[in-house]
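Biologist: Could you take me through one part of this chain slowly? I'd like a close look at the open sheet, with enough of the surroundings to place it.

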Amino acid sequence: MAGKIIADQIQSSTAGTLDTKYVVDGSAKAWVSFDNASTATIEESLNISNIVDFAAGETQVNLTNNMTNANYCIPASAGRTTSGGSPGAQWIYGPASSRWQHETMANGGSYMDADNNYSAALGDLA
Amino acid sequence: MNTPEFKGTHLFERLLWAKENLEPVQSDYRVVFESDVDSPASILVADPNWMAAAKQGGILPPVWVYWLLAADEAHPDFKKHTRGYLLHDTQPIGPLTEEQAIEYLIYKDVPRHVWENYNKGNKPNLIICNKSQLPKTREWRNAWSISDEVVSGNIETVQSIEYQETEGLDLTEMFSEELNRSKVYA
């Protein structure tokens, strides 16, 4: 592609030098923000092909560019709902190189739908 | 805007180009399917950036690439993908209509046993509908199922999408010789 820069290091004028592998390895390879409180909708994303609304609080996130295997990091969170519900634990279930399942629980322990759900993938692409 | 010549370019780089240059497309289509009798109906929602890339053409790999990678991952000795190059080096597919793109997603991410036999039971276990046809609230979400009323209004749509002649999505491309030789799904 035009405009490609090949470099092993980036140097700041004040903060020293950083290997570009830190940037490549440390950046999210996929992320998604979705609303699951009404009709499931993807708000914004990178490297996501679709979501599958399985049930209350259970959503599968499917990738376009697979990860190299299932051993990658998936930080997840959810925002307070407009109806006043407060999400508690966020669970990640059954990750594979092509997907993960984002589960949102209420503080009481039951599955709940939240307006704003966020998850991402940190690791290596296939 | 024309798509750059992307064959051999890492798929992730192609997706970054698409996100920067294409307007997201929020599809009103929803794929509703029942993968087993004990679970509520699942609803597949296309990603807006992905849909824009699918309609643009020249970005996404053919769907059989995902099938081969899934077969690799299902192998007991799987450690990591060694054929990721298929995502990047296979000739990208051409532009799809929104309907063809939804069909592609069905083949990519709906369980095979669902779409292969969607119309062989007492009622279809997969339909494509408009999001306005879904319940307006999440009440009783874990009891949702495909109703006979919805089915009667949409089954022809499913059939027409599955069998229509396509320009961008070539079924012979999806079920490629390479896939047949590998007998992944034999």
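Modeller: Here is the sheet, after a few words on the chain that holds it. Keep in mind that this is a predicted model. Chain A has 1 helix and 10 strands, and from the N terminus on the elements go β-β-α-β-β-β-β-β-β-β-β. Put a box along the principal axes and the C-alpha atoms of chain A fill roughly 50 × 30 × 25 Å. Of the 126 residues in chain A, 37% are buried. As for contacts in chain A between residues at least 6 apart in sequence, 52% of them join residues at least 24 apart.

Now to the sheet itself. It's an open one of 4 strands in chain A, and reading across you get the order 4-3-10-7, with antiparallel pairing. The edges belong to strand 4 (41-46) and strand 7 (76-78) of chain A. Each of those has a single partner strand, so one side of each is left without a neighbour in the sheet. Going from one strand to the next, the twist averages 10°.

Let's zoom in on the end of that order where strands 3 and 4 of chain A sit side by side. Strand 3 covers residues 28-35 of chain A, and 5 bridges join it to strand 4 of chain A, the two running antiparallel. If you want a spot to put your cursor on, try Ser33(A): across from it, in strand 4 of chain A, is Glu44(A). That places Glu44(A) on a strand that stands at an edge of the sheet.

Definitions and conventions:
Residues are numbered from 1 along each chain as its sequence is written. Chains are lettered from A and ligands numbered from 1 in the order in which they are written. This is a predicted model: local features need pLDDT of at least 70, side-chain atom pairs count only at pLDDT 80 or more; totals for chains, interfaces and linings use all residues. A residue is buried if 20 or more other C-beta atoms lie within 10 Å of its own, exposed if 12 or fewer, and partly exposed in between; C-beta atoms are placed from the backbone. Two residues are in contact if their C-beta atoms, placed from the backbone, lie within 7 Å. Two strands pair if DSSP finds at least two bridges between them. Axes are lines fitted to C-alpha atoms, for helices over the stretch in contact, and angles run from 0 to 180 degrees between N-to-C directions.
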